Amino acid sequence: MRATCSRNCLAELLRRLGQVQAQGQPRCPSQLSSARSMTRGRSVNERSKKKRVNDLEVVIERCKVVSKVLAVVDALKMEEEHVTPLKRLEILRPQLGLAKPHKVAHFVHSSPQLFEVCRDSRGVMWAGLSPPAEALVEEEARLLEEHSPTAAEYVTRLLMMSVQRRLPVDKIAHFRRDMGLPHDFRARWVHMFPELFRLVTLEDGDYLELVSWNPNWAVTEHEKNMAALAGNTNASSNASTPGELSLPFQMKFPPDFKSYYKFRGKAHHYVKTGNTEQFQKTTYLSPYAEAKDLTPGSHEFDKRAVAVMHEILSFTLEKRLVTDHLTHFRREFVMPQKLMRLLLKHYGIFYVSERGKRLSVFLTEAYDGTELIKKAPLVRWREKVLRLTGYRGKNKNIGKVHESSDSEHCLFG
């Protein structure tokens, strides 16, 4: 077992590592990459603040804080004994979104329950994981292992929805944190379920390819939810060849909702009564059915695209994705080129937040205010991280996680 970085043993670790550090420059953590930004759509930027869902904006603030803290945790996990010179963490500044004169050192100091700082005999400041953080690292590894069968099902269903029944590994990797895929996704995990998918190498890279079709998995989460509301809990057992569906989508609006947005200087309606009724009544192909012959721009094409996005968001832990993760799959899942416009048009099913450098899309039915209605154990693990974090970013009012999450039942499902 790795040694912990408590205040009593951190100095001893520094002495042991001192000789190694004196022999040369420390290696850079392999996973410290800067965050990639995304161009903001005018249709989002021009929206009035009154059309924003404040509760979901609070969720985004929480997610931004947790993602920054986990970036530092992941960097320290890559280091020997989970400690590193504090100055080296400055490479994380772009990823953490810290503008000068703010330093990563200030960020680390703001969460003493997660990170510990110590000065060695040469005056060099070192940072390490605290005992509670070490325990969280071990807990996450266990939860990811327990979640693997569910994650394998969701990855298989992504392959089942794709046109060629295969997807680039690089693109699936975008969903690693969102779907609860393990850290060794590329090296080990892709080989753990040979009965479901296999790794193939083509001219343009590595792909994950479907091995076997499971008809019970070709039933959408939306179909299961609607069947449960109707009292039928065996929707998957009645699975047949996927075809046309006519199920309405649940729509949820904020109290001060106004039914229009601006796009290229013109006012467009999110929802018109007649259009909404027509959309909800339109039949559409299941995301798991063959969609090559659909006409782009048709009502059936657009509604199937909504169903595909609904299904992908249902696979995620927090029912939320950054929008460019969806746009990467336009061709594979037969979705429209102007995907952002479709997301905005179907406000009520989806909500797009513009906070941060990258836009995020929510599945609105999955939330009750600022809280997910159903929380996976990995989501509750992230809530534990948030409760131990002193950093709150620019927006101090990010809300509080319900204390009920502290119970053992809530933490471990």
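This report describes a predicted model of one protein, moving from confidence to the sheet, a covered helix, the salt bridges and two individual residues.

## Confidence in the model

Because the structure is a prediction, it is read here together with its confidence scores. The protein averages a pLDDT of 80, and 75% of the residues score at least 70. Confidence is highest in helix H6, at 96, and lowest in helix H16, which covers residues 408-412 and has a mean of 26.

Two stretches deserve caution when the model is viewed. Over residues 19-42 the pLDDT is below 50, although the model gives this stretch 41 contacts beyond near neighbours in sequence. The pLDDT is also below 50 over residues 401-413, a stretch with 26 contacts in the model beyond near neighbours in sequence.

## A three-stranded sheet and the helix on it

Three strands make up an open sheet with antiparallel pairing, and their order across the sheet is S4-S6-S5. Strand S4, at residues 166-168, and strand S5 are the edge strands, each of them pairing on one side only. From one strand to the next, the twist averages 30°. Helix H6, which spans residues 131-161, packs on this sheet and touches S4, S5 and S6, while its direction makes about 95° with that of S6.

Within the sheet, strand S5 (residues 197-202) and strand S6 (residues 205-210) are paired in the antiparallel sense over six bridges, and a hairpin of two residues joins S5 to S6. Two of the facing positions can be picked out by name: Leu-199 stands opposite Leu-208 in S6, and Val-200 has Tyr-207 as its bridge partner in S6. As a general point, the side chains of a regular strand alternate between the two faces of the sheet.

## A mostly covered helix

Helix H15 runs over residues 377-387 and is mostly covered, with nine of its 11 residues buried. The buried residues of H15 include Leu-378, Val-379, Trp-381, Val-385 and Leu-386, and charged residues are on the list too, among them Arg-380, Arg-382, Glu-383 and Lys-384.

## Salt bridges

In general, side chains of opposite charge can pair when their charged atoms come close. Counted over this model, there are 25 salt bridges. One of them links Arg-177 to Asp-74, with the closest N and O atoms 2.2 Å apart. Arg-177 belongs to helix H8 (residues 176-179) and Asp-74 to helix H3 (residues 54-77), so this pair ties together parts that lie 103 residues apart in sequence. The two partners differ in their surroundings, since Asp-74 is buried with a relative accessible area of 14%, whereas Arg-177 is partly exposed at 26%.

A further salt bridge joins Asp-120 and Arg-122, whose closest N and O atoms are 3.5 Å apart; Asp-120 counts as buried, at 13% relative accessibility. Lys-375 and Glu-371 form another, with the closest N and O atoms 2.5 Å apart, and both Lys-375 and Glu-371 are buried. Elsewhere, Glu-153, Arg-157, Glu-221, Lys-224 and Glu-311 are joined into one network by salt bridges that share partners.

## Two residues in their surroundings

Arg-177, already met as a salt-bridge partner, has its place in helix H8. Leaving out residues up to four places away in sequence, Arg-177 touches Leu-70, Asp-74, Glu-140, Leu-317 and Arg-382. One of these contacts, Arg-382, is among the buried residues of helix H15. Another residue of that buried group, Leu-378, is 201 residues from Arg-177 in sequence, yet the two are 9.9 Å apart in space from C-alpha to C-alpha.

His-346 is found in the loop between helix H14 (339-345) and strand S12 (350-353). The relative accessible area of His-346 is 8%, which is under the 20% cut-off, so His-346 counts as buried. When its neighbours within four places in sequence are set aside, His-346 is in contact with Phe-279 and Val-306.

Key:
Residues are numbered from 1 along each chain as its sequence is written. Side-chain values use heavy atoms; hydrogens and water are left out. Two strands pair if DSSP finds at least two bridges between them. Helices (H or I, at least four residues) and strands (E, at least two) are DSSP runs, numbered from the N terminus. Buried means under 20% relative accessible area, exposed over 50%, partly exposed in between (1.4 Å probe, protein chains only). A salt bridge is a side-chain nitrogen of Lys or Arg within 4 Å of a carboxyl oxygen of Asp or Glu. Axes are lines fitted to C-alpha atoms, for helices over the stretch in contact, and angles run from 0 to 180 degrees between N-to-C directions. Contact means heavy atoms within 4.5 Å. pLDDT is the predictor's confidence in each residue, from 0 to 100.
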